[in-house]
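Student: I have a chain open on my screen and would like to talk it through with you. Could we take it one question at a time?

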Amino acid sequence: MKIVIFVMFTVLFFVSNGHSIEINKDEVLTLNKAISIALLKHPDIKSAEGTVKVYESRVGQSKSDYYPDINLTSAITRHSTGSNDLNFNSSINLSQNIYDFGKREARLDINLINLNSSKEDLQFTRLQVIYNVKKAYYFAIQAKSALEVARYVVKQYLQHLSRAKGFYEAGTKPKYEVTKAEVDLASSRVNLIKAENNFKLAITNLKNAIGIYNADDFMIHDEAIIVYDMESLDDLINKAFLNRQDYRSIELKERSQQKRIEFEKSGYYPSISANAKYGYSGDRFPLEKNWLVGANLTFPIFTGFQTKYQVDEAVSSLSVIQSQKEALRQRIVLEVRQAYLNAKDARERLDSSEITLRYAEENFQLATGRYEAGVGSPIEVTDAITVYSNARNSYIDAKYDLLTAIADIMRATGLEPLGR
């Protein structure tokens with residue numbers, strides 16, 4: 001199904017609150033810039049980047065197992081034999097792990113896999129931040145468009161009240177029509193207050209999605225042509241499993257846990273290490289030179305069943321991850337299916353609402369013209385204004401529901417560009 005939507009409009013609104021270095025005062029904040037700021041500054045991304053650095057450090061720690069340990073030791077001791085002689089000892093010591101039946105290799109593999117998993121998590125966090133910014137931006141413009149409709153309705157009721165008063169003063173219309181026009185105007189002003197509040201909340205939500213809740217005064221603007229060729233549902237689901245960063249991450253976590261089982265099982269096996277020492281010792285100077293070179297074989301005979309329980313824990317943890325992976329698979333299918341159906345629904349509603357809006361505009365012009373000519377009724381005008389405002393809002397809702405649904409598809413399939 002091919003979705004083609006043309007959106008060509010400009011929305012400017014003055015927002016005042018706080019201070020921020022990301023946006024200049026009175027700047028027009030485009031959607032692209034909002035996304036760019038969020039990718040640089042959002043705390044969720046900062047947290048995910050920090051996690052990547054943690055795993056980079058763990059990889060470095062694992063690599064240290066391949067290098068020897070070298071340390072310098074110096075000591076002065078006095079024996080408890082009644083002698084006042086001091087004993088001096090200074091040496092340089094070296095130890096090197098020779099073979100531990102794959103334990104150090106498994107540890108390094110585990111941390112490398114976890115590092116890659118954390119990078120996928122970072123990418124998915126970016127994907128989620130982009131989606132949240134898009135959704136909040138669309139909602140803010142949608143709320144602004146609804147606000148403009150509410151203002152237009154108040155303007156129309158003011159004009160209608162002026163006409164009703166003119167007819168009443170001329171003696172051609174009853175007082176009832178003036179009273180009804182005043183009631184309709186008051187009701188429209190209540191709706192305008194609600195629309196203004198909804199827009200303020202939408203701007204607050206947008207700031208939060210970007211991660212700049214204390215931003216300087218700014219305006220919002222959008223001018224875009226969106227052409228989106230939507231693939232079949234099955235193709236979208238297949239692409240989601242290939243591209244979703246959270247799914248790739250949990251696959252890596254599964255591999256890591258499988259390596260963890262191997263690592264814990266290596267606790268049953270011996271380890272071989274080499275050591276060397278070179279130094280000086282004695283109770284008077286010059287000290288005597290001494291050295292030694294040797295190898296150690298360590299074989300675990302009994303560790304209180306510690307290794308067994310560590311293996312059992314690793315196996316159980318693998319089962320948990322595999323269950324989480326299956327749950328994620330089901331959730332991905334659901335998310336893609338919902339986004340796909342929402343896009344189809346919004347596209348169909350947009351087509352219908354365009355036709356309805358066109359008829360509502362024509363009906364409104366006819367009703368207004370009839371009343372101005374003195375042959376229409378106030379109920380006809382009120383109904384026409386109500387039908388028009390409802391049709392206009394339905395069109396706005398369908399348009400931004402479609403934009404949001406497209407954003408849902410991009411998020412659900414993991415196909416959103418994630419550049420910084």
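Student: Does R244 count as buried or exposed?
Tutor: This is a predicted model, so the value is computed from its atoms. Buried means under 20% relative accessible area. R244 has 0% relative accessibility, so this residue counts as buried.

Student: Which side chain meets R244 in a salt bridge at 2.8 Å, N to O?
Tutor: A salt bridge needs a Lys or Arg nitrogen within 4 Å of a carboxyl oxygen of Asp or Glu. R244 lies in the loop between helix 5 (233-243) and helix 6, and its partner lies in helix 7, so the pair ties together parts that are 91 residues apart in sequence. At 2.8 Å from N to O, the partner of R244 is E335.

Student: Which residues are joined with R244 into one network of salt bridges?
Tutor: The network arises from salt bridges that share partners. E335 is a member, and its side chain meets that of R244. Together with R244, the network holds D246, E335 and R411.

Student: How many salt bridges does the count come to?
Tutor: Side chains of opposite charge can pair when their charged atoms come close. One of the pairs is R244 with E335, and another is K253 with D121. The count comes to 22 salt bridges.

Student: How far apart in the chain are K253 and D121?
Tutor: Their closest N and O atoms are 3.0 Å apart. K253 counts as partly exposed at 30% relative accessibility, and D121 likewise counts as partly exposed at 30%. K253 sits in helix 6 (residues 245-265) and D121 in helix 3, so that the pair links distant parts of the chain, 132 residues apart.

Student: Which residue forms a salt bridge with R370?
Tutor: R370 is in helix 7 and its partner is in helix 8, 10 residues apart. R370 counts as partly exposed at 39% relative accessibility, and the partner is partly exposed too, with a relative accessible area of 26%. With the closest N and O atoms 3.1 Å apart, the partner of R370 is E380.

Student: Let's go to the nonpolar side chains. Which helix gives the most to the largest nonpolar core?
Tutor: That core has 68 residues, and V133, L206, I210 and I220 have the most contacts inside it. Elements giving two or more residues to the core include helix 1 (31-41), helix 2 (43-63), helix 3 (103-170) and helix 4 (175-210). With 22 residues, the element that gives the most is helix 3.

Student: Which residues is L206 in contact with, leaving aside its neighbours within four places in sequence?
Tutor: L206 is one of the residues with the most contacts inside the largest core, as are V133 and I220. Both of these also touch L206 directly. The full set for L206 is V133, A136, Y137, A140 and I220.

Student: How many residues are in the other core that lies apart from it?
Tutor: In soluble globular proteins, nonpolar side chains tend to be buried together. Among the residues of this other core are L236, I237, A339 and I409. Its size is 18 residues.

Student: Now the sheet, please. What is the order of its 4 strands?
Tutor: The sheet is open, with antiparallel pairing. Its edge strands are strand 3 (69-78) and strand 8 (288-298), each pairing on one side only. Neighbouring strands are turned by 20° against each other on average, direction ignored. The order is 3-4-7-8.

Student: How many bridges join strand 4 to strand 7?
Tutor: Strand 4 (residues 86-99) also pairs with strand 3, in the antiparallel sense over 10 bridges. In that pairing D69 stands opposite S95. Strand 4 and strand 7 (residues 271-282) run antiparallel as well, with S91 opposite G279. The number joining strand 4 to strand 7 is 11 bridges.

Student: Which residue of strand 8 stands opposite G279?
Tutor: Strand 7 and strand 8 run antiparallel and are joined by 11 bridges. The two form a hairpin with 5 residues between them. Across from G279, the residue in strand 8 is N290.

Student: To finish, what percentage of the residues of the chain count as buried?
Tutor: The chain has 8 helices and 8 strands. About 23,100 Å² is exposed, and carbon and sulfur atoms supply 54% of that area. Of the 420 residues, the buried share is 42%.

Key:
Residues are numbered from 1 along each chain as its sequence is written. This is a predicted model: local features need pLDDT of at least 70, side-chain atom pairs count only at pLDDT 80 or more; totals for chains, interfaces and linings use all residues. Side-chain values use heavy atoms; hydrogens and water are left out. Buried means under 20% relative accessible area, exposed over 50%, partly exposed in between (1.4 Å probe, protein chains only). Accessible areas come from the Shrake-Rupley method with a 1.4 Å probe; for residues, only the protein chains shown count as cover. Two strands pair if DSSP finds at least two bridges between them. Axes are lines fitted to C-alpha atoms, for helices over the stretch in contact, and angles run from 0 to 180 degrees between N-to-C directions. A nonpolar core is a set of buried Ala, Val, Leu, Ile, Met, Phe, Trp, Tyr and Cys residues joined through side-chain atoms within 4.5 Å. Contact means heavy atoms within 4.5 Å.
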